[in-house]
Amino acid sequence: RGWLSLLSVAPQHHSPKMQRLSGRLFSRGFATHRAYSTSAARVTKFGGTSVAGSSQIQEVMRLLRADETRKFTVVSAPGKRHDDDIKVTDLLYKCHELAASSGGSEYEAFFDDNVGARYREIASTLGASSSAELDTDLEAAKGKIHDMATRGDSPDFAASRGEALCGRLVADLLGWEFVDPASGSFIQFRADGTFDSERTADAVRGVLGDLGGKSAVIPGFYGSNPATPSGVQTFSRGGSDVTGSIVAAGAMTGPTYDSVIYENWTDVNGVFSADPRKVSTARSLAFLSYTEVLHMASAGANVLHPDAVAPSAQAAVPINIRNTKNTTHPGTLIVHDDDPRAQRGASEQVVGLTTPDSDKVVVVCTAKDHTAAVAELISAKTSAGSVIVAAGAAPTIEVNGASAAAVYGVIEAEGLFVRQQD
């Protein structure tokens, strides 16, 4: 099957964490445990720009209420509201730093004026039912961040409070259940810091089943590790994508739902054939296979965390990348490698390109067999200083000394891109 081939190639060219997720991590954890099935469900994840402020969260609430199959939602910490703004996660890392270095009034004032004020404004504008509960949560977070920082703990607890506070607030606004991923019975890490897939899979299935059809809000990015002083451990930045995928896999392999889609809501119309900020003519891709999106993410495309692919792929859950700023656009649907929508014609040889560095372009081909011919084309028709086909199994080409727009133009002129849409 396609997802098995995806997982089997992962250790050759992905990060150690991706290897754990792709190999041991989800090899058994999300095997199907469905005794009966009753309905369809959508697991939604909303990124930082989608929950950046009150107007964005209001749109999130509208989307969730508009479709009753949207049963479980994973939220990030509020991101930037404008170009000069600061993400809440970055504010919380600063809080940990201030508490560790100076503590006292300077730290408390920074927390209140930046983190506390941000959440209180959202709650006040949207009419949260209990400002007293929010105040209690904020004071508890402020106190524990200080305690963890002054005893030399990692900043994981501080960083996790962005998602935790956002999750509690959104659950209150919607009147939904709240699931704390660090409760000890949901997202679980081992004492050595590695992710415990089998215990997590069982726990997620159990919690979702125990909800009895009720909708729930789940903070992304973190889980429990009883070996740490705070009891909390985070994934790497962008890890809310991973949480969403784990929840979707748990819903699909549990007994309640016979079909699940993982909707990952962000601020662009899906996965693009290139960064539209670098290539104005880049277009979004209608469909991608799990393998193709994994190669794109690993090459630097930042729409989806690379570690978020394996759980959904192993459970055969489609991933739909959508745009909260353009909700009528279908986005990109990521499907099983054997799905007819993921098939391609002989001329479709390039998935897309990424720009991980200012002077480097990475071209992701549909197969290793195409890399030599595409590299030769780029060498012949651009002023690139070097065009290097990646060693090993990765179907990628590194281009140095040519702009992303120039490389894109050559590939587009030859009609080599897969499944582009307006």
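His96 belongs to helix 4, which spans residues 88-101. In this predicted model, His96 has a relative accessibility of 11% and therefore counts as buried, the cut-off being under 20%. Leaving aside residues up to four places away in sequence, His96 touches Ile145, Ala149, Asp153, Ser154, Pro155 and Ala158.

Eight strands form an open sheet with mixed pairing. Their order is 3-4-2-1-7-10-11-9. Strand 3 (177-178) and strand 9 (287-289) stand at the edges. Each has a single partner strand, so one side of each is left without a neighbour in the sheet. Strand 1 covers residues 39-46, and strand 7 covers residues 257-266. Eight bridges join these two strands, which pair in the parallel sense. Within this pairing, Val43 has Tyr262 of strand 7 as its bridge partner.

Two helices are described against this sheet. Helix 3 (residues 54-66) lies across strand 1, strand 2 (70-75) and strand 7. Helix 3 runs at about 175 degrees to strand 1. Helix 9 (residues 240-253) also packs on the sheet. The strands that helix 9 touches are strand 1, strand 2, strand 4 (216-219) and strand 7. The direction of helix 9 makes about 170 degrees with that of strand 7.

The largest nonpolar core holds 48 residues. Phe72 and Val260 touch the most other members of this core. Helix 9 gives the most to the core, with seven residues. The contacts of Phe72, not counting residues up to four places away in sequence, include Arg42, Val43 and Thr44. Phe72 also touches Leu208, Leu211, Lys214, Ala216 and Ile218. Val247, Ala251 and Tyr257 complete the list for Phe72. Apart from the largest core lies another, of 45 residues. Among its members are Met61, Val75, Leu92 and Val232.

Two residues have a positive phi although neither is a glycine. For Phe221 the angle is about 85 degrees. Phe221 is found in the loop between strand 4 and strand 5 (222-224). With a relative accessible area of 2%, Phe221 is buried. For Ala316 the phi is about 60 degrees. Ala316 sits in the loop between helix 11 (309-314) and strand 10 (319-323). Its relative accessible area is 35%, so Ala316 is partly exposed.

A further open sheet has four strands, in the order 12-13-15-14. Its pairing is antiparallel. Strand 12 (350-357) and strand 14 (386-389) take the edges. Because each has a single partner strand, one side of each is left without a neighbour in the sheet. From one strand to the next, the twist averages 20 degrees. Strand 14 and strand 15 (residues 396-400) run antiparallel and are joined by four bridges. Here Val389 stands opposite Ile397 in strand 15.

Helices also accompany the four-stranded sheet. Helix 12 (residues 371-381) packs on the sheet and touches strand 12, strand 13 (360-365), strand 14 and strand 15. The directions of helix 12 and strand 14 make an angle of about 175 degrees. Helix 13 (residues 404-413) lies across strand 12, strand 13 and strand 15. Relative to strand 12, helix 13 runs at about 170 degrees.

Note on methods
Residues are numbered from 1 along each chain as its sequence is written. This is a predicted model: local features need pLDDT of at least 70, side-chain atom pairs count only at pLDDT 80 or more; totals for chains, interfaces and linings use all residues. Side-chain values use heavy atoms; hydrogens and water are left out. Two strands pair if DSSP finds at least two bridges between them. Axes are lines fitted to C-alpha atoms, for helices over the stretch in contact, and angles run from 0 to 180 degrees between N-to-C directions. Contact means heavy atoms within 4.5 Å. Buried means under 20% relative accessible area, exposed over 50%, partly exposed in between (1.4 Å probe, protein chains only). A nonpolar core is a set of buried Ala, Val, Leu, Ile, Met, Phe, Trp, Tyr and Cys residues joined through side-chain atoms within 4.5 Å.
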